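Let's take a friendly walk through this protein together. Please have the sequence and the structure at hand as you read.

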Amino acid sequence: MKKHIRGRCHCSHILFEIIPPTDFCSHCHCESCRRTHGAPFVTWTSVPESQLKITAGEDFLKQYSSSPGIVWMSCAHCASPLFQITKHSPAKIYIAVASLIDPLDRDPENHVSFGECVSWIKVNDGLPQHSQRASDRNA
Ligand SMILES: [Zn+2]
Ligand SMILES: [Zn+2]
């Protein structure tokens, strides 16, 4: 059995584990990710929902729906953004890589929604820069 990849929110009320393999790893530069996470971009991975186990604090998971079928999940106590579920990939759960404790099973592969990248960071990691959204690419 593959080793679980642990994650947590800032206050540690919510603990979770993902079971590899993950589906992908991308840096998303869209405005929605930027505003919900308070960061210039968000690094995402995903797994089928059966491969995410909330091991503590499920009652603290707070949901925010920004539009029909788009749900962002954060910790109700410390406000750490953790997960996203979208109508585009309903059987998947997206996980903010920054919330992980253990290393992911893959390196970031590309930048998506790069057309919305802020002007105040310089990206020169050599990874492909796609203008489309992750949801379009994974559809
Ligand atoms: Zn928390
Ligand atoms: Zn995004």
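Two strands are taken to pair if DSSP finds at least two bridges between them. Keep in mind throughout that this is a predicted model.

## The three-stranded sheet

With that rule in hand, start with E2 and E5: these strands run antiparallel and are joined by four bridges. One residue to look for here is Glu17, which stands opposite Lys53 in E5.

The two strands belong to an open sheet of three strands, ordered E1-E2-E5 and paired antiparallel. E1 and strand E5 (52-56) each have a single partner strand and stand at the edges, so one side of each is left without a neighbour in the sheet. From one strand to the next, the twist averages 25°. As a reminder, strands of a sheet pair through backbone hydrogen bonds, either parallel or antiparallel.

## The seven-stranded sheet

The other sheet to trace is also open and has seven strands, in the order E6-E7-E8-E9-E4-E3-E10, with mixed pairing. Its edge strands are E6 and strand E10 (110-112), each of which pairs on one side only. The twist here averages 30° from one strand to the next.

Two pairings are worth a closer look. Strand E6 (residues 61-67) and E7 run antiparallel and are joined by six bridges, with Leu61 standing opposite Cys75 in E7. E6 and E7 form a hairpin with two residues between them, and Gly69 in the turn has a positive phi of about 85°. Further along the sheet, four bridges join strand E3 (residues 25-28) to strand E4 (residues 42-48), again in an antiparallel arrangement. Ser26 has Trp44 in E4 as its bridge partner.

## The zinc ion with four cysteines

Which residues are the protein donors of the zinc ion (ligand 1)? They are Cys9, Cys11, Cys75 and Cys78, each through its SG atom, at 2.3 to 2.4 Å from the ion. The angles among the four donor atoms are 104 to 113°, and the site is tetrahedral. Along the chain, the donor residues are spaced C-x1-C-x63-C-x2-C. Cys11 lies in the loop between strand E1 (5-8) and strand E2 (15-18), while Cys75 is in strand E7 (residues 70-75), so the pair ties together parts that are 64 residues apart in sequence.

Are Cys11 and Cys75 buried or exposed? Cys11 counts as partly exposed, at 26% relative accessibility. Cys75 is buried, with a relative accessible area of 1%. Cys75 is also the residue that Leu61 faces across the pairing of E6 with E7.

## The zinc ion with three cysteines

Cys28, Cys30 and Cys33 coordinate the zinc ion (ligand 2) through their SG atoms, at 2.1 to 2.3 Å. Their spacing along the chain is C-x1-C-x2-C. Of these donors, Cys30 is buried, with a relative accessible area of 4%, and Cys33 is buried with a relative accessible area of 4% as well.

## Nonpolar cores

The largest nonpolar core has 19 residues, of which Phe16, Ile18, Leu52, Phe83, Ile95 and Leu100 touch the most other members. E2, E7, strand E8 (81-86) and strand E9 (92-96) each supply at least two residues of this core. Its largest share, three residues, comes from E7.

What is Leu52 in contact with, once its neighbours within four places in sequence are left aside? The list is Phe16, Glu17, Ile18, Val47, Phe83, Ile93 and Ile95. Apart from this core lies another, of 11 residues, including Phe24, Trp44, Tyr94 and Ala96. Trp44 thus appears both in this core and as the bridge partner of Ser26. In soluble globular proteins, nonpolar side chains tend to be buried together.

## A loop residue to finish

Finally, look for Ile101 in the loop between E9 and E10. Ile101 counts as partly exposed, at 42% relative accessibility. Not counting residues up to four places away in sequence, Ile101 touches Arg6, Gly7 and Arg8. Ile101 and Cys9 are 92 residues apart in sequence, and their C-alpha atoms are 9.8 Å apart in space. Cys9 is one of the donors of the zinc ion (ligand 1).

Key
Residues numbered from 1 in each chain as written. Chains lettered and ligands numbered in written order. Predicted model: local features only at pLDDT ≥ 70, side-chain atom pairs only at ≥ 80, totals over all residues. Heavy atoms only, no water. Donors = N, O, S within 2.8 Å, 3.2 Å for Na, K, Ca; no water. Tetrahedral: all angles 85-135°; square planar, octahedral: opposite > 155°, others 65-115°. Buried < 20%, exposed > 50% of the residue type's maximum accessible area, 1.4 Å probe, protein only. Core = buried A, V, L, I, M, F, W, Y, C linked by side-chain atoms within 4.5 Å. Contact = heavy atoms within 4.5 Å. Axes fitted to C-alpha atoms, helices over the stretch in contact; angles between N-to-C directions.
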